[in-house]
Every structure is written in C-alpha cells, then in structure tokens.
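The following report describes one protein chain, moving from individual residues to the surface and then to the chain as a whole. Please read it alongside the sequence and the coordinates.

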Amino acid sequence: MSITSPIRPLYQSQTYRDLAFVVAAIPVAALALGALTAGWTSIVVLAITPLVVPVLLGYRGVVGLLARGDARLARALLATDIGPPIA
C-alpha cells in the first residue's frame, strides 16, 4: 500500500460519475415524491368513478418512466447494464 492510495480515487473520473449519480438522486426523489403524491391523491379522489381506470394507467406509466429514467442514468454514469423489467 503506497502513500498515494488514499487520494488515488480523486484522480479517477469514475469517482466523479459515482458522485454525480448520488447527487442526481435528489431531483429524482423529488419527482418520485411528486408523482406519488399527485397519483395517490387522484386515485383516492376518483376511486368511486370510472375515471379511476385512466388515472391508474397513467400512474403506472409515470412510475415506469421514472424507473426507466433512473436506469438510464445508472447506465450512463455507473457503467452498469441494468434496466427495469418490462411486463
């Protein structure tokens, strides 16, 4: 173990990509919280009407888009091969 090994990650670009992914979790979490709040509120309000079906389908679409966006961000920044399952 050399004396420069503790600071070696500071010179690697992957370290900053990892940091960017962690920092990007804040806006992604804000979007997810907004989708969760708006979706569940709409679902509860329209629960006794036939309009709940399109709201549920839209909610599923928004959650799927958020999952795909987060997976794309992970693929780009972390160099992983991950994606949400397609059902």
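Ala32 counts as partly exposed because its relative accessibility is 35%, a value that falls between the limit of under 20% for buried residues and that of over 50% for exposed ones. In this predicted model, Ala32 belongs to helix H1, and its C-alpha atom lies 9.1 Å from that of Val62, although 30 residues separate Ala32 and Val62 in sequence.

Two further pairs can be described in the same terms. Leu56, a residue of helix H2, is partly exposed at 42% relative accessibility, and its C-alpha atom is 9.2 Å from the C-alpha atom of Trp40, with the two residues 16 apart along the chain. Arg68, which is likewise placed in helix H2, is partly exposed with a relative accessibility of 42%; between the C-alpha atoms of Arg68 and Ile82, which are 14 residues apart along the chain, the separation is 9.7 Å. The three pairs are set out below.

| Pair | Separation in sequence | C-alpha to C-alpha distance |
|---|---|---|
| Ala32 and Val62 | 30 residues | 9.1 Å |
| Leu56 and Trp40 | 16 residues | 9.2 Å |
| Arg68 and Ile82 | 14 residues | 9.7 Å |

Arg68 also takes part in a surface feature, for together with Arg60, Arg72 and Arg75 it gathers in a patch of positive charge. Arg72, another member of this patch, is found in helix H2, which spans residues 52-78. With a relative accessibility of 60%, Arg72 counts as exposed, because the limit for that class is over 50%.

Which residues make the nonpolar surface patch? Ile7, Leu10, Tyr11, Tyr16, Leu19 and Val23 together form it, and its area is about 660 Å². Of these residues, Tyr11 is placed in the segment before helix H1, a helix that covers residues 13-45. Tyr11 is exposed, having a relative accessible area of 68%.

Beyond helix H2, in the segment that comes after it, lies Ala79, whose backbone deserves a separate remark. Most residues other than glycine have a negative phi. Ala79, by contrast, has a positive phi of about 55 degrees, although it is not a glycine. Ala79 counts as exposed, with 63% relative accessibility.

The chain as a whole may now be considered. Its secondary structure consists of two helices, with zero strands, and buried residues account for 11% of its 87 residues. The surface that the chain exposes amounts to about 6,700 Å², of which 75% is supplied by carbon and sulfur atoms. When the contacts between residues at least 6 apart in sequence are considered, 42% of them join residues that are at least 24 apart; the pair Ala32 and Val62, described above, has a sequence separation of 30 residues, with a C-alpha to C-alpha distance of 9.1 Å.

How values were computed
Residues are numbered from 1 along each chain as its sequence is written. This is a predicted model: local features need pLDDT of at least 70, side-chain atom pairs count only at pLDDT 80 or more; totals for chains, interfaces and linings use all residues. Side-chain values use heavy atoms; hydrogens and water are left out. Helices (H or I, at least four residues) and strands (E, at least two) are DSSP runs, numbered from the N terminus. Buried means under 20% relative accessible area, exposed over 50%, partly exposed in between (1.4 Å probe, protein chains only). Contact means heavy atoms within 4.5 Å. Accessible areas come from the Shrake-Rupley method with a 1.4 Å probe; for residues, only the protein chains shown count as cover. Patches are made of residues with over 30% relative accessible area and no salt bridge: like charges are joined within 9 Å, nonpolar side chains (Val, Leu, Ile, Met, Phe, Trp, Tyr) within 5 Å. A salt bridge is a side-chain nitrogen of Lys or Arg within 4 Å of a carboxyl oxygen of Asp or Glu. Lys and Arg count as positive and Asp and Glu as negative; His and the chain ends are not counted. The place of a charge is taken as NZ of Lys, CZ of Arg, CG of Asp or CD of Glu.
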